[in-house]
Structure formats: structure tokens, C-alpha cells
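Please read the following note with the sequence and the model open beside it. The points proceed from the sheet of one chain to the pairing of the chains and then to a pocket.

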2 protein chains.
Amino acid sequence: MVDIVHRVGIKAPISKVYAALATIDGLAGSWTRETTGSSKVGGNIGFVFHMPTGEEIGGFEMEVLELATDQKVRWRVKNGPEEWIGTDIEFSLSRQDDYTIVTFSHRKWREEVEFMAHCSTKWATFLLSLRDLVETGEGKPSPHDLPISNWH
Amino acid sequence: MVDIVHRVGIKAPISKVYAALATIDGLAGSWTRETTGSSKVGGNIGFVFHMPTGEEIGGFEMEVLELATDQKVRWRVKNGPEEWIGTDIEFSLSRQDDYTIVTFSHRKWREEVEFMAHCSTKWATFLLSLRDLVETGEGKPSPHDLPISNWH
């Protein structure tokens, strides 16, 4: 099994970063505007992605496995691209210097496919979108996310 | 052993992307302005990073293991942070649609440390800097690289 890991620092209180990750509104402001469902433990969150032209790219459905206030958000992928199903996504929060540090992992990929490399880079841009949302009030969620390639 | 992987697409001929990765000038335009040495096979390239305020952050020395024109650039880390020494960095190029695809890997990390997560995110930003350099003539090399955290 192979994993994607990332780390970003956000100049904001840990509670504000946690709120952005643990609520539908926060996820809609950083990852994709089309975020729906329940962000409580045991709930399912749906994420759908579009091109700026309106064409649908695809989506994911996550089950919320764990919420630890100001510490951790953990999901399992229930539906989406075949490579994503059964993988685990985790955001861990801590404080260092004047930053809230987000340590991110997307684990249990079965193979290191080209799509995994794409998702690794794309996750970095979404974590920086989360940073921008929390620090400035404005993220870059889909359909206005930063394009990185022909796979968008 | 654990690996970092990324994938970006660049709207430019493969030869232009290769030139940016296989020359000191190209690396100085995308990764760090302070890039020196020989980018030929068997040569050593030195990379030094600074804060915008001028303070030195650190650096790496890579041996060029492989150059395959318009296909691949591969380095081994000879000096730098302890976690980097002996790791391998590879850029593989291919064409898809109207893009040159860069598939990137930084392999043979001995442990999945927090610094690895930082480097993973930072690599994504440098690959997007490479994209900007090749597409627009202007990258974001150190000391003007995009800050991502307290570790810069």
C-alpha cells in the first residue's frame, strides 16, 4: 500500500482550521462548492467536481470516521474512482510557532498509479486553498480550483 | 521506504520542459536562484535556499545519475538534510493531449517523517513553478518561492 502525505501551516487559530475541515460550509469553501451531506461522525459527505465550463469531472462520497475537536478529521472513501474506494483521508492539527499545522494523509492506495501522482499534486493545491480560505476568507474550490494538467 | 510522487501538465513542447530540468539555468528559474555546478551525467548540482529576507534555509547537492533527452532526468542526493541523503529524485516526461506531462518521484525516504510531508507539498509548488517558468517565462524560485508554513 502507498500513501500521499502533505503538511501546510496556516496563520489562524486551530479552532478556525478545524471548523473549515469539519463542516460542509468549510469544505465547500476550500475543496468543491458542490459539497453536500452530513459532516458528523457516521455521516456521509458528497463532493462533486466541475470544470469552469460546467462539465462534471467526477466525485467522491466519504464516510466520516472520526472527529476530534481541534485535533483530527478522518474519512473513508465509500464511492468515487475505483482507486479511491476504501482509502483513508486524515487531517491532523497541531500548533507550531504562530501556525496551525495541518498534517494530511491519504492512505491505503493499492498501487502507485499515475492517477495517484495527480491526486498528490492536486491535494497540495487544495490544502493551500484551505489555507487561503482560513487566512483570507477566500479559497479556490472547484470549479475555480487551480488547474494542474490535462486531468484538470 | 516511502516515496513522494507528483504529476503536472505543461502546455509546451517536451524539449522545452526537458531543457528547464536538464540545465542549471532552468533549475535556477524554477527551484532556487542559487543553483550551481554541472548538470551533465556524473556532475554535481548545488541548490541553496534563502528566505526573502536573505537568511539561508539550507541546501542540497545532487549527483546527476541519468539524462535521457526529452524523456528523463534523475538525480541522487549526496548532501543536504540527513533525511535526504541517498534518496533519488526523478522527472519523467511524456506527451498527453496538448500537454507535456511531468511525472515526478522522490524515492527511498527511510521514514515517513513530518519533514517528508513538508517536502511533498513543497515539491508540488516547485513543479507548478516549473510549469509557470516554461509556459510564461517566469517561475517562483527561492527566495521568491510560495511559502507554505513555518518551515517556509
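The numbered points below describe the model and explain each term where it is used.

1. This is a predicted model, in which local features need pLDDT of at least 70, side-chain atom pairs count only at pLDDT 80 or more, and totals for chains, interfaces and linings use all residues. Residues are numbered from 1 along each chain as its sequence is written, chains are lettered from A and ligands numbered from 1 in the order in which they are written, and side-chain values use heavy atoms, with hydrogens and water left out.

2. Chain A contains an open sheet of seven strands in the order β1-β7-β6-β5-β4-β3-β2, with antiparallel pairing. Its edge strands, β1 (2–10) and β2 (34–37) of chain A, each pair on one side only. From one strand to the next, the twist averages 25 degrees. Strands (E, at least two residues) and helices (H or I, at least four) are DSSP runs numbered from the N terminus; two strands pair if DSSP finds at least two bridges between them.

3. At one edge, β2(A) runs antiparallel to β3 (residues 44–50) of chain A and is joined to it by four bridges. Within this pair, A:Thr36 stands opposite A:Gly46.

4. Which strands does α3(A) touch as it packs on the sheet? They are β1, β3, β6 (88–96) and β7 (99–109) of chain A, and the direction of α3(A) makes about 20 degrees with that of β1(A). From the other chain, α3(B) lies across β1, β6 and β7 of chain A, at about 85 degrees to β1(A). Contact means heavy atoms within 4.5 Å; axes are lines fitted to C-alpha atoms, for helices over the stretch in contact, and angles run from 0 to 180 degrees between N-to-C directions.

5. A turn of 180 degrees and a shift of 0.0 Å along the axis lay chain B on chain A with an RMSD of 0.0 Å. That is the relation of a two-fold axis. Copies are superposed by least squares on the C-alpha atoms of residues with pLDDT of at least 70 in both. The copies meet through the same surface, because 100% of the interface residues of chain B are also interface residues in chain A.

6. The largest pocket has a volume of about 410 Å³. Of its 18 lining residues, the closest to its centre are A:Thr125, A:Leu128, A:Leu146, B:Leu128 and B:Leu146. A pocket is an open set of points on a 1 Å grid over the protein atoms alone, where a 1.4 Å probe fits, with protein on both sides within 12 Å along at least five of seven lines; lining residues have an atom within 4 Å of a point. Its volume is the space filled by probe spheres set on the points, which are joined across faces, edges and corners.
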